[in-house]
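Please open the structure in your viewer and keep the sequence panel visible beside it. This tour proceeds by selection: each stop states what to select and then what is found there.

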Amino acid sequence: MSVPKNPALSEEREEEEGYGTAEYMDPELYRATTEGDILEFIKAMEHGALDRHYPSHSSAGCVQLGPQKNTVLHIATGSRHYEIVKLLCKDLPFYVAEKNSKGDTPLHIAARAGDSLLVTLLINCDWREGALELENEEGNTALHEALRHHHRKVAWILIKKNPSAWYSFNKEGKSVLYLAAEAGYVDLVKLLMENPVGNCSVEGSFRNKSAVHAAILGENIDVLRILWEKDQSSFHLRCDEEGRNPLHFSASIGFLEGVKFLLSNFCAAAYQRDKCGLFPVHTATSKGHVDIIQGMLQHCPDSRDLLTLQGQNIFHVAAKSGNDKAVSSMLKMPELEKLLNEKDDDGNTPLHVATICGHPRIVRALTGDERVILELENNDGVTALDIAEEYMERMASFRKRLTWMALRVAGAPRSPHANVSKTKKPSSAGQNSELENYKDKVNVVLLVATLVAAVTFTAGFTVPGGYNNSDPDQGMATMLAKVKFQEFVICDTVAMYSSIIVTVTLIWAQLGDLSSMRVALKLAVPLLGIALAMMSIAFMAGVYLVVSKLHWLGNIILVMGSNVLFVLAALFVPLCFLGSSNYRICRRLAHFPFRLLLYAFGSYTDRDEKEA
């Protein structure tokens, strides 16, 4: 049996035991307010209970609150029932300053909706002056709300109504001037700067919320000009947590007009570092904004000599960022030629940096320029190729492998000092790791070779067209005289024997040490490539034989097979010959397959790096 609730339980006892009561409004009054029925609204107000919250106003009517502590004026304003709003502003003006559970007054709601008529009604009542400066839970006044939601007309009305009012920052650290600048309202910015409302100083944790920052963020050049005319001191503030000045920030987002304006009026900003030690020209370079780089070099020619805290010039920064288009464009600027082979504090040239960061497109662009010296060594006595090969020994990612390929195709040299260091005996842990790495490679190649041998062996006894079942050619292939059949048999045989040789070689390699595995792989990978190519040709010839009566279908098979062979060559030539040959002819042969790989996978690997 359930125990009924004690009706005498006090409100304090209810709250202690987890119960609670919400505010509620008379249903008739609520319905009349939301529907905008002025007669029913007046009737409901006249018959309402005395005000328990505002006893001094009980003679004027009842104040009832909804669950969200909304008064009837909140509800009428939100529903845009102008007659009810007008009536309440005349008879019960104190409603204008009432807040709901979110701290919003009716004026906040009207300003957020951008309804200029409602705003005009509310600010013309007797209580409007206090309501203009009231803040909600987010620290926004009605003017903040109008500007945040881009209601220019409403914002203009609010400012003109009380131009001497003081508007503080909201909880986001944004002043009304910041919001007006962000929205690009030139006239409002000018009005705010000429009145006390705009003289809100930017201090403490809100220093990165200046109006200059907002104008740059919105790329509003006209607003930026007004701010410069009225308050040049604000341009000396840093725009964000990274300590960037307005020129840094403009360069970062690619705001070319802003950069030109700042360089013409505030050139000193070009020679200021941020917290990371970067000058604005470095910021533009890292983002790949070539037009801004050119503009900065034109206004401040010596900015090309600016270095980061690590002693890196703009080519180092571009190489590190991975923006190959910026590097390619900068290579065409003759005034930057002397920067190509400069070294940073670690002795790294831009080519070293691009190799370390694993940007194959940038490495290709740099190595393709004759002015770049490939033989230069850093402070550790290693060239760019030495660095790439060190990565290759650690199970390099495909991005790093492409970088290494780019250097090999270009004929980048090794350092003689690096060769000496490589002869030193590695640690046991490093040797074990490398041994496991090579074992994995051997197992993968061995598995593929075994599969090729099995497939080609089977194909040798299930030839296209089958066998003769009658004398005198019993057991002979029915298509023996066909050229394509002969091609099928030869290619299938070569593929099978090549894969068998690969399999036996790798079985022996597993019984030996690390050096034998390396030698075995150098032999096995090209042979496996030949086996796969021959198997592809055998398949193409066999299928063509059985469909050759339909010429269009046979031609499609030949075209498809030829394309596959081309792709296979593009994948295997760099893999087989780049690492083992120092001959120029081999590098030349590998150049075009490498370009195809870079085109196919280079953009993917660069994007993958940025996401990581």
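The stops below move through annotated repeats, loops, aromatic rings, a cavity and annotated membrane regions. Please bear in mind throughout that this is a predicted model.

**Stop 1: the annotated repeats**

Begin by selecting residues 102-124, 172-195 and 346-366, where UniProt, in an unreviewed entry, places the feature "repeat: ANK". Keep residues 102-124 highlighted: this span is 70% helix and 0% strand. A distance drawn between its end C-alpha atoms should read 24 Å. Now move to residues 346-366, which are 71% helix and 0% strand. Here the end C-alpha atoms lie 19 Å apart.

**Stop 2: two loop residues with positive phi**

Next, select lysine 69, in the loop that joins helix H3 (38-46) to helix H4 (72-79). Its phi is positive, about 60°, although lysine 69 is not a glycine. Is lysine 69 buried, exposed or partly exposed? With a relative accessible area of 41%, lysine 69 is partly exposed.

Histidine 150 is the other residue to select, in the loop between helix H9 (142-148) and helix H10 (152-161). This residue, again not a glycine, has a positive phi near 60°. Its relative accessibility of 49% places histidine 150 in the partly exposed class, because that class ends at 50%, above which a residue counts as exposed.

**Stop 3: a charge over a ring**

Select arginine 152 together with tryptophan 156 and turn the view until the ring is seen from above. Arginine 152 lies over the face of tryptophan 156, at 6.0 Å from the ring centre.

**Stop 4: the aromatic cluster**

Now display the side chains of Trp228, Phe235, Phe261 and Phe266, which ring pairs link into a cluster. Two quantities are useful here: a pair of aromatic rings is described by the distance of the centres and the angle of the planes. In the whole model, the count of aromatic pairs comes to six when ring centres must lie within 6.5 Å. The rings of tryptophan 228 and phenylalanine 235 have centres 4.9 Å apart and planes at 85°, so this pair is edge-to-face; the cut-off for that class is an angle over 60 degrees. Both tryptophan 228 and phenylalanine 235 are buried.

Add leucine 224 to the selection; it belongs to helix H14 (residues 221-230). Leucine 224 has a relative accessible area of 0% and is buried. Its C-alpha atom lies 8.6 Å from that of phenylalanine 261, a residue 37 positions away in sequence.

**Stop 5: the cavity**

How many cavities of 30 Å³ or more does a search of the whole structure find? The search finds one. The principle of such a search is simple: rolling a probe the size of a water molecule over the atoms shows where empty space is left. To see the place, select Leu263, Ala270, Pro280, Val281, Met296, Cys300 and Ser303, which line the largest cavity. The space inside amounts to about 40 Å³. Colour the lining by residue class: six of its residues are nonpolar, one is polar and none is charged.

**Stop 6: the annotated transmembrane regions**

Finally, select residues 444-467, 487-511, 523-546 and 552-578, which an unreviewed UniProt entry annotates as "transmembrane region". The span 444-467 is 75% helix and 0% strand, with its end C-alpha atoms 36 Å apart. For residues 487-511 the helix content is 96% and the strand content 0%, and the end C-alpha atoms are 37 Å apart.

Within helix H27 (residues 483-510), pick out aspartate 492. Aspartate 492 counts as buried, at 7% relative accessibility. Threonine 458 is 34 residues away from aspartate 492 along the chain, and the two C-alpha atoms are separated by 9.9 Å.

Select lysine 484 and tyrosine 544 as a pair: the charged end of lysine 484 sits over the ring of tyrosine 544, 5.5 Å from its centre.

The last selection is serine 562, in helix H29 (residues 551-577). Serine 562 is partly exposed, with a relative accessible area of 39%. Between serine 562 and isoleucine 537 there are 8.4 Å, C-alpha to C-alpha, and the two are 25 residues apart in sequence.

Notes:
Residues are numbered from 1 along each chain as its sequence is written. This is a predicted model: local features need pLDDT of at least 70, side-chain atom pairs count only at pLDDT 80 or more; totals for chains, interfaces and linings use all residues. Side-chain values use heavy atoms; hydrogens and water are left out. Rings of Phe, Tyr and Trp (its six-membered ring) pair if their centres lie within 6.5 Å; planes under 30 degrees apart count as stacked, over 60 as edge-to-face and the rest as tilted. Buried means under 20% relative accessible area, exposed over 50%, partly exposed in between (1.4 Å probe, protein chains only). A charge sits over a ring if NZ of Lys or CZ of Arg is within 6 Å of the ring centre and within 35 degrees of the ring normal. UniProt positions are given in the numbering used here, feature names are shortened, and annotations may be inferred rather than shown by experiment. Helices (H or I, at least four residues) and strands (E, at least two) are DSSP runs, numbered from the N terminus. On a 1 Å grid over the protein atoms alone, a cavity is a set of points where a 1.4 Å probe fits but cannot get out, and a pocket is an open set with protein on both sides within 12 Å along at least five of seven lines; lining residues have an atom within 4 Å of a point. Grid points are joined across faces, edges and corners, and a volume is the space filled by probe spheres set on the points. Ala, Val, Leu, Ile, Met, Phe, Trp, Tyr, Cys and Pro count as nonpolar, Asp, Glu, Lys and Arg as charged, and the others, Gly among them, as polar.
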